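Hi,

Here is the structure I said I would pass on. Have a look at it first, and my notes follow underneath.

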Amino acid sequence: MRAYGLLFNGKRIFAYYVLLIIGLAMVFGGIISYYSQINGFRATISDDEIIERARGLGMIEIKEKWNGEGE
């Protein structure tokens, strides 16, 4: 019977199915997270907004520093 493949180890087949399910879950999870990362956050701000935020935090430009010292 073993030569015809009619006898099988149930624990080994169950382990293979578990590994198959875990592997497929990882593949599909990676695909879903890749596409969600691409489409997730597309907020872009202009250079002027970045400069205004930096001024709000107390940063100044080099030109302002030099002009303030008399140059």
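How many helices and strands does the secondary structure of the protein chain come to? Three helices and zero strands, so to speak an α-α-α run when you read the elements from the N terminus on. Keep in mind that this is a predicted model.

On the surface side, the protein chain has 71 residues, and 1% of them count as buried. The chain exposes about 7,200 Å², with carbon and sulfur atoms supplying 64% of that area.

Now for helix α1, which covers residues 10-40. Its 31 residues should span 45 Å at 1.5 Å a residue, and the end C-alpha atoms sit 44 Å apart, so the two values agree. The N-terminal end of α1 is capped by N9, which places a side-chain oxygen 3.4 Å from the backbone nitrogen of K11.

Y35 belongs to α1 as well, and the aromatic contacts bring us back to that residue. The count comes to one aromatic pair. Y34 and Y35 make that pair, with 5.3 Å from centre to centre and 70° between the planes, in an edge-to-face arrangement. The label follows because planes over 60 degrees apart count as edge-to-face. Y34 has a relative accessible area of 48%, so this residue is partly exposed.

Both tyrosines, Y34 and Y35, also turn up in a nonpolar surface patch of about 1,300 Å². The other members are F8, I13, Y17, L20, L24, V27, F28, I31, I32 and I38.

What about charged pairs? In general, side chains of opposite charge can pair when their charged atoms come close. Here the count comes to one salt bridge. R55 and E52 form this salt bridge, and their closest N and O atoms are 3.4 Å apart. Both residues lie in helix α2 (residues 47-56), where three residues, or about one turn of the helix, separate R55 from E52. Is R55 buried, partly exposed or exposed? R55 has 39% relative accessibility, so it counts as partly exposed.

Cheers

Terms used:
Residues are numbered from 1 along each chain as its sequence is written. This is a predicted model: local features need pLDDT of at least 70, side-chain atom pairs count only at pLDDT 80 or more; totals for chains, interfaces and linings use all residues. Side-chain values use heavy atoms; hydrogens and water are left out. Rings of Phe, Tyr and Trp (its six-membered ring) pair if their centres lie within 6.5 Å; planes under 30 degrees apart count as stacked, over 60 as edge-to-face and the rest as tilted. Buried means under 20% relative accessible area, exposed over 50%, partly exposed in between (1.4 Å probe, protein chains only). Patches are made of residues with over 30% relative accessible area and no salt bridge: like charges are joined within 9 Å, nonpolar side chains (Val, Leu, Ile, Met, Phe, Trp, Tyr) within 5 Å. Accessible areas come from the Shrake-Rupley method with a 1.4 Å probe; for residues, only the protein chains shown count as cover. A salt bridge is a side-chain nitrogen of Lys or Arg within 4 Å of a carboxyl oxygen of Asp or Glu. Helices (H or I, at least four residues) and strands (E, at least two) are DSSP runs, numbered from the N terminus. The expected span of a helix is 1.5 Å times one less than its number of residues. A polar contact is a pair of N or O atoms within 3.5 Å; within protein, one must be able to donate a hydrogen and the other to accept it, and residues adjacent in sequence count only if both atoms are side-chain atoms.
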